[in-house]
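Got your viewer open and a hand on the mouse? Let's take a walk through this one, stop by stop.

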Amino acid sequence: MNTISQSPESEVDGPRSRVQSQGVSGTPVLSLEGVARDFSDGRVVRRVLKETTLDILSGEMTVLAGPSGSGKTTLLTIMGLVLKPSTGRVVVGGEDVTGFSEDSLASIRQQRYGYVFQQAALVPALDVLDNVLVGTAIQGGRVSAQTREKAISLLSGLGMKDYLLSRPQQLSTGQQQRAGIARALVSDPILLLCDEPTSALDVESSHIVLDTLKKLSRDPRRGVVLVTHDPRVFPYADRLLKMEDGAIVYDTRQVAG
Ligand SMILES: Nc1ncnc2c1ncn2[C@@H]1O[C@H](COP(=O)(O)OP(=O)(O)OP(=O)(O)O)[C@@H](O)[C@H]1O
Ligand SMILES: [Mg+2]
């Protein structure tokens with residue numbers, strides 16, 4: 001069953017999702033077309049993600065919620081090009097990447113995607129600035145002065161200017177998370193995927209991180225997807241998706257908060 005077709009989205013904001021031009025807010029940065037995923041335990045094959053068709057648009061924050069086991073991580077890891085769908089097509093920035101090799105998918109992940117996880121997992125031996133640059137260094141060897149400036153500017157914009165040379169253990173968890181966000185952004189991703197980014201944070205840090213992600217989603221070239229259990233995140237969503245039993249059962253845009 002393709003539940004997305006039952007969503008109120010087409011009435012609320014349908015035409016926007018069909019805007020095809022590049023670089024315009026509301027452009028699909030990622031499209032899933034009839035995507036489903038099966039898992040086998042060796043005896044029984046179970047469809048844990050039912051056939052789903054979904055555009056993730058730039059310029060907005062999409063929040064994906066639902067009970068444990070409903071399929072959120074499965075959907076997010078397919079969006080993240082980490083897990084292959086059993087059926088259906090995955091389209092990134094207008095290009096069908098479904099049949100791409102592991103290497104090609106890895107290079108899309110590095111160049112066009114950013115990931116923010118529950119814990120920032122910064123490298124303890126590196127200062128904040130080097131943590132933000134570590135991915136760039138691994139990919140390309142030397143880090144250009146321009147990339148370094150960009151990292152400093154991102155960290156400053158996230159309120160981390162005074163901590164560039166601090167070690168992760170000298171930061172609060174909220175500050176570590178902001179460093180993790182800067183690290184995800186340094187390659188200028190078109191899609192930022194966040195899995196429970198606030199679940200390890202206190203209320204105040206969690207609002208700071210959510211405000212930050214919300215601001216980042218305002219970039220007309222970038223989409224932000226955030227998976228959460230926490231209903232306190234919902235007011236930050238421009239678009240709220242809810243999953244149940246492997247299907248999206250609710251999909252609506254909210255008035256900006
Ligand atoms: N690698 C796997 N092999 C077999 N079954 C899996 C695998 N990954 C996930 N599943 C099953 O798919 C279903 C959805 O799992 P998923 O991790 O996507 O849920 P979730 O919504 O992210 O849950 P949570 O909120 O607990 O993180 C679950 O029933 C899970 O047992
Ligand atoms: Mg999960």
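In which loop does E196 lie? Select E196 and look at either side: the loop runs between β7 (191–195) and α7. Keep in mind throughout that you're looking at a predicted model.

**Stop 1: two residues with positive phi**

While E196 is selected, check its backbone: phi is near 50°, a positive value in a residue other than glycine. Is E196 buried or exposed? It counts as partly exposed, because it has 19 C-beta neighbours inside 10 Å, and 20 or more would be needed for buried.

Now jump to D245. You'll find D245 in the loop between β9 (239–244) and β10 (247–253). D245 also isn't a glycine, yet its phi is positive, at about 50°. Count C-beta neighbours inside 10 Å and you get 13, so D245 is classed as partly exposed.

**Stop 2: a pair of helices**

Next, select helix α6 (residues 173–185) together with helix α7 (residues 203–216). To describe two packed helices, you give the angle between their axes and the distance between the axes. Here the angle is about 15° and the axes are 9 Å apart. That is why α6 counts as roughly parallel to α7: the cut-off is an angle under 35 degrees. The crossing of α6 past α7 is right-handed.

Want to see where they touch? On α6, light up T173, G174, Q177, R178, I181 and L185. On α7, add S205, I208, V209, T212 and L216. Colour this contact by class and you'll get 5 nonpolar, 5 polar and 1 charged residues.

**Stop 3: around the ligand**

Click on ligand 1 and show what surrounds it: F39, V48, G66, S68, G69, S70, G71, K72, T73 and T74. Which helix gives the most to this shell? That's α2 (residues 72–79), with 3 residues. By class, the shell has 7 polar residues, 2 nonpolar and 1 charged.

**Stop 4: a buried proline**

Select P28, which sits in strand β1 (residues 28–40). P28 counts as buried because 21 C-beta neighbours lie inside 10 Å. Add V91 to the selection: P28 and V91 are 63 residues apart in sequence, but C-alpha to C-alpha they're 9.0 Å apart in space.

**Last stop: zoom out**

Show the whole chain as a cartoon and you'll have 7 helices and 10 strands in view. The chain has 257 residues, and 39% of them count as buried. Of the contacts between residues at least 6 apart in sequence, 71% join residues at least 24 apart.

Key: Residues are numbered from 1 along each chain as its sequence is written. Chains are lettered from A and ligands numbered from 1 in the order in which they are written. This is a predicted model: local features need pLDDT of at least 70, side-chain atom pairs count only at pLDDT 80 or more; totals for chains, interfaces and linings use all residues. A residue is near a molecule or strand if its C-beta atom, placed from the backbone, lies within 6 Å of it. Helices (H or I, at least four residues) and strands (E, at least two) are DSSP runs, numbered from the N terminus. Ala, Val, Leu, Ile, Met, Phe, Trp, Tyr, Cys and Pro count as nonpolar, Asp, Glu, Lys and Arg as charged, and the others, Gly among them, as polar. Axes are lines fitted to C-alpha atoms, for helices over the stretch in contact, and angles run from 0 to 180 degrees between N-to-C directions. Angles under 35 degrees count as roughly parallel, over 145 as roughly antiparallel, 65 to 115 as roughly perpendicular and the rest as oblique. A crossing is left-handed if the near helix is turned anticlockwise from the far one by less than a right angle, and right-handed if clockwise. Two residues are in contact if their C-beta atoms, placed from the backbone, lie within 7 Å. A residue is buried if 20 or more other C-beta atoms lie within 10 Å of its own, exposed if 12 or fewer, and partly exposed in between; C-beta atoms are placed from the backbone.
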